Amino acid sequence: MNVDRCVENLPLTDSLRRKLPVTLLTANNLKMESAGKYEYNRLVIVGNGLDLAMGMKSSYSDFLANYLLECIVKAKQGNYNDLLFKIDKVSQLYSAKENTFSTFHDWKKLLEHNKHWNYKYLGFLEKVMNNLSIENWVDIESLYFDTMIPMIDNVKKGRLNSRNFEQVRTLNESFGELTRLLDIYIKKIDDHPFYDSRAFQYFLEDCFEKQKVREVCLNHPDNIGFNELPDPSKLLFLNFNYTSTLSKLLNYLDRRNHLTINIHGKAGNQTNPIIFGYGDDTHPYYSMIEEERSDVPLEFIKSFYYNR
């Protein structure tokens, strides 16, 4: 099995996939048929960069800004609170146009102009917002796991048959609510039509053809020259996004020799719900959590949902 090496040595972490619009790991299953025809298949990895490039507000900060604005709108009617946020009634709203409010920067500006508000982030959202304030970016899934680690350390201090996972349960309840809200938000923005997509259709069209540059992405047998190299026989799109952006673009192309796996589920889809949680099973604490006699710390570990 060979790889047409665009990114052969690239560490494909979840955070990196979110930054890459499309990663070509081309090829594999190379074979020579009895008639002498050379064939290969292609794997295409799709991350959140595709949605962002299509103009979708699909980042974590976009989601959080939208959620917080919705809380403020509800607070105009009276005191508001849920599992993640509470605020006293908002009688006045300074320097905010609800139809243009869309980023975490907008949220910070809104707070600066409304310092009289009495509000509080609750549960796991407090950690998320503190992290955003310091770094102006947050990986919610990694932060969740980092938050759970000291809790597991405390759990391990107890007796094996009577360990208390209450702290982890509380964290999971908060993270589960964030997951529910994320699913609703992604479904909402996914239902909106995106702008002119022809450039991205052309880009995806290239995925169905052999690589354009001789010196790049080639790892085929020496006896197969670049000029003789055919287009890939089949394509597998491994989609890490929760949206239907990829499927919409592929529908425009009307190609038949491909398969798509939505490995993290799809927003608003009950048969394939979104998988939101921690996914690095190489972390040293990962095996420790697996060894615990409880499913509580595994509730938002991605690898336990891939085989559903």
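This report describes the nonpolar cores and helix packing of a predicted model.

Residues are numbered from 1 along each chain as its sequence is written. Because the model is predicted, local features need pLDDT of at least 70 and side-chain atom pairs pLDDT 80 or more, while totals for chains, interfaces and linings use all residues, and side-chain values use heavy atoms, without hydrogens and water.

The largest nonpolar core (buried Ala, Val, Leu, Ile, Met, Phe, Trp, Tyr and Cys residues joined through side-chain atoms within 4.5 Å) has 57 residues, with Phe85, Trp107 and Ile140 making the most contacts inside it. Buried denotes under 20% relative accessible area, exposed over 50% and partly exposed the range in between, with a 1.4 Å probe and protein chains only. The elements below, DSSP runs numbered from the N terminus (helices H or I of at least four residues, strands E of at least two), are among those that each supply at least two residues of this core.

| Element | Residues |
|---|---|
| α3 | 60-75 |
| β6 | 85-87 |
| α6 | 140-155 |
| α7 | 166-190 |
| α10 | 284-291 |

A second, separate core of 14 residues includes Leu50, Phe208, Leu235 and Phe237.

Beyond neighbours within four places in sequence, Ile140 has contacts (heavy atoms within 4.5 Å) with residues including Tyr60, Leu64, Phe175 and Leu178.

In α10, Tyr285, Tyr286 and Ile289 are buried. Their directions from the helix axis to the C-beta atoms fall within an arc of 110°, so these residues line one face of the helix. The face turned away from the buried side of α10 carries the exposed residues Pro284 and Glu291. The cover over the buried residues of α10 includes α6.
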